[in-house]
Amino acid sequence: MATPPVTELTDRARDIFRAVVDSYLASGTPVGSKTIAQLTGLSLSPASIRGVMGELEGLGLLASPHTSAGRMPTDRGLRLFVDGMMQAMEPSFEERQTIEARAGVGGPVEEALAATTLALSGLSACAGLVMVPKRELKLRQIAFVALSPEQALAVLVSEDGSVENRVIALPKGMSPSALVEAGNYMSATLGGLTLADARTRIERELADGQAALDGAARTLVERGIAVWSEDADRRPVLIVRGQGRLIDAAAAADLDRVRDLLDDLEGKQEVASLLDSARAGDSTRIFIGAETKLFALSGSSVIARPFRGLDGRVVGVVGVIGPTRLNYARVVPMVDFTAATLARLMG
């Protein structure tokens, strides 16, 4: 059944439909005709309101749970509301300050992303999501520190100041001077490159004989870049913060749904794939309930928006996940603002 355009609804039907949605999003419970009469101020009897609500149900915009005489919006109804009736509420000065402060924390970029996502989670009362692109790490310096005659610690410093260490096996007969030589060569050759670009350059220079390295140092360079590139392939691409906010008073009455949602969030690759679909374009994407197979059972909605670097390329996606009854008018602009803040951070 196709969703009717909002212009096809009568003024009376639009008023009643909006009142049902607003009340449901605020309370999480089905809404009865008496409540609608009080909210709208329409000079209609509850029976007349029930008649209009029945018509809206026939259009697939409202549903009536078996356990209640009231009605609630369907996923199709929420889509109509979000696309054609919602009046956005810009984040307050305090909310903007909170998001910007978290994005401004020092240290590695991933820590700032996680902090900003946590702030978005707290303000939206949803779980916050941010997808970090693979292989965006740019190198500043590489060094090798001997641990034993057989092992060394490979130290990688990125341009954002983050430091990571890996233990690698040493070629036989590796001297301390060869360790320094290999580290100096990699730092000078690979500085400013991503891991993917670094691997391509190393492989080309070694193959063409352009690398002025002895045999042991050459082997160490090959092993070092292989370790880091393999690690990049496994690097988490999704940060989730604030899952506990998904369990509120209304959700506690439907623990099976909450359990389904938390299980879905454990499947991070599937969630990352959903967010990846929001990378195209500049607008915010809203996925409501059964519109996505991933969250059909848990009855959840995802609001996501890409953010770009100074070169205009999309470098990630930020968003929230919560129940379908979340406050779209408030949360959508909040996600938009967070994306703009992260774009400045990544720039």
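These exercises work through salt bridges in a predicted model.

Local features need pLDDT of at least 70 and side-chain atom pairs 80 or more, while totals for chains, interfaces and linings use all residues. Residues are numbered from 1 along each chain as its sequence is written, and side-chain values use heavy atoms, with hydrogens and water left out.

**Exercise 1.** State how many salt bridges a search of the whole structure finds.

Solution. Start with the criterion: a side-chain nitrogen of Lys or Arg within 4 Å of a carboxyl oxygen of Asp or Glu. The search of the whole structure gives eight.

**Exercise 2.** Place the salt bridge of Arg14 and Asp11 in its helix, and classify both residues by accessibility.

Solution. Take the distance: N to O is 2.3 Å. Next, the location: both residues sit in helix α1 (residues 11-27), three residues apart, so about one helical turn separates them. Helices here are DSSP runs (H or I, at least four residues), and strands are too (E, at least two), numbered from the N terminus. Last, accessibility: buried is under 20% relative accessible area, exposed over 50%, partly exposed in between (1.4 Å probe, protein chains only). Arg14, at 24%, is partly exposed. Asp11, at 54%, is exposed.

**Exercise 3.** Find which parts of the chain the Arg79 and Glu291 salt bridge ties together.

Solution. The closest N and O atoms of Arg79 and Glu291 are 2.7 Å apart. Arg79 belongs to helix α4 (residues 75-84); Glu291 belongs to the loop between β8 (285-288) and β9 (300-308). The pair therefore links parts 212 residues apart in sequence. Arg79 is buried at 18%. Glu291 is partly exposed at 41%.
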